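The following report describes selected features of the structure shown below, beginning with model confidence and moving on to sheets and helices.

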Amino acid sequence: MTISPPASPSGSAAHSGKPPAPRSLGAKADKDTVRRSNLSLVLRAVHDTGESTRAQVAARVGLTRAAVSSLVEQLLEGGFLAEYGKTFSGQAGRPGTVLKVARTGVAGIGVEINVDYLAVCVVDLAGTDRVRLTEHLDNRTRRPSDVLCRVAELALRAIDSAAAQELRPVGVQLALPGLISEGTVRHAPNLGWNDITVVSRFHRILAVERRPLPPLPVSADNEANLAALAELWFGDPQETPRSFLYLSGEVGVGGALVLGGGLLRGAHGFAGEIGHVVAQADGPPCRCGARGCLEQYAGQRALLRNAGLDEDAGVPGVEELERRALDEDGPALTALYTAGEKLGLVLSGAVNLIDPEAVVLGGAYRGLAEWLVPAAEAVLAERVVSGLWRVGSGRVRAASLCTDAARGAAAQAVQAVLNDPLAYA
């Protein structure tokens, strides 16, 4: 798997204690700056290939073998890399020692707060999912402070589990369904949150509960953005393009656009709110204040309601909808076909405007893609001017099983280590 450095998130913010950003290499760069940059270069080379030898790293990054060996020794001493025996290339010369990213040491924590569940994930420096805790509950009826305290309890349990595996979390990334900027949830209509300073609040809770340990840096981003990054970083490299539109089907419908391996965030970090694109001008009112939003036709509650199920049933309701669709239940199939058509209608405008390689359906949509995709493809085939989005083209597909916002958030939290490992030695 490959984790590429993402664009700097204008829509996220870190509290005090955030690790330093990688230093710019100007004409007067000193030796320390150059060495820090080269340490990052070597660490990423091993990280991105899964395993490598010193000679292979040198060829990949363009440094001399002697320089790479010195850098590798420093990364081994700092606990970022580990040696795993010899590799034989079949060519003349001594076998090289296999290098891999260490399975102990630094780790990242991803914390997802969604409408009907909380999730915490811990990943190591290689991006491997090492701890996962999930709790299903309705957060719409709870005060933000209560929700943050509850998910902080899950995070602290995850930290304890990580410590038992010799992992040391170095940062926390929050994933939430709404407009996020400067550590604040500006507007999350399905949670009923407005102007909630989640980063500073969560940071204070952790700082109090983790005494006497030093506080962890905390940042926040939109959950669809982080799920899209998880798809980019952990999805099948043969199937996941570098440019795609990601849809997260939960109670709300989130979206994120990945272009050339980085997120398109927009001027204020709010890009991707496809769930609030109007699918029908005179449609039902939406929690956001508009009418006829896509969410009112293809969101989780609309799907369940139209299938004759309890619209507030959450994940169990989605699982029941999938079971009924497999049994060819009429109302279930009709609800899914209608939602697929509305998805195709809104997606056709987005595809004509931004020309992505693919549309990836995540969240609740992943398990329902078998029925949503044909209906969406039929509309896209009619409305996309390029003619590339024909039925059966495979451009609309389900997300990878490894894709979720909590994992993307946790992986995002270790990016600073890959950027500047010396800051965590």
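## Confidence and architecture

Over residues 88–92 pLDDT stays under 50, and for this stretch the model has 1 contact beyond four places in sequence. Residues 1–27 also have pLDDT under 50 throughout, but here the model has 75 contacts beyond four places in sequence. The model is a predicted one, and across the protein the mean pLDDT is 89, with 91% of the residues at 70 or more.

An open sheet is formed by 5 strands, arranged in the order 13-12-11-14-15 with mixed pairing. Strand 13 (262–264) and strand 15 (396–398) each have a single partner strand and therefore stand at the edges, with one side of each left without a neighbour in the sheet. From one strand to the next, the twist averages 30 degrees. At one of these edges, strand 12 (residues 253–259) pairs with strand 13 in the antiparallel sense over 3 bridges, and Leu-257 has Leu-264 in strand 13 as its bridge partner.

Two helices that pack on this sheet are set out in the table, each with the strands it touches and its direction relative to one strand.

| Helix | Strands touched | Angle between directions |
|---|---|---|
| Helix 6 (residues 223–234) | strand 11 (244–249), strand 12, strand 13, strand 14 (358–363), strand 15 | about 50 degrees with strand 12 |
| Helix 11 (residues 365–383) | strand 11, strand 12, strand 14, strand 15 | about 150 degrees with strand 14 |

Another strand pairing involves strand 6 (residues 167–176) and strand 10, which run parallel and are joined by 5 bridges. Within this pairing, Leu-174 has Ala-220 of strand 10 as its bridge partner. Strand 10 (residues 218–222) is mostly covered, since 5 of its 5 residues are buried.

Turning to the packing of helices, the axes of helix 1 (residues 31–49) and helix 2 (residues 54–61) come within 10 Å and cross at roughly 110 degrees. Because of that crossing angle, helix 1 is described as roughly perpendicular to helix 2. On the side of helix 1 the contact is made by Leu-41, Val-42, Ala-45, Val-46, Asp-48 and Thr-49, while helix 2 contributes Val-57, Arg-60 and Val-61. By residue class, the contact of helix 1 with helix 2 comprises 6 nonpolar, 1 polar and 2 charged residues.

Notes
Residues are numbered from 1 along each chain as its sequence is written. This is a predicted model: local features need pLDDT of at least 70, side-chain atom pairs count only at pLDDT 80 or more; totals for chains, interfaces and linings use all residues. Side-chain values use heavy atoms; hydrogens and water are left out. Two strands pair if DSSP finds at least two bridges between them. Helices (H or I, at least four residues) and strands (E, at least two) are DSSP runs, numbered from the N terminus. Axes are lines fitted to C-alpha atoms, for helices over the stretch in contact, and angles run from 0 to 180 degrees between N-to-C directions. Contact means heavy atoms within 4.5 Å. Buried means under 20% relative accessible area, exposed over 50%, partly exposed in between (1.4 Å probe, protein chains only). pLDDT is the predictor's confidence in each residue, from 0 to 100. Angles under 35 degrees count as roughly parallel, over 145 as roughly antiparallel, 65 to 115 as roughly perpendicular and the rest as oblique. Ala, Val, Leu, Ile, Met, Phe, Trp, Tyr, Cys and Pro count as nonpolar, Asp, Glu, Lys and Arg as charged, and the others, Gly among them, as polar.
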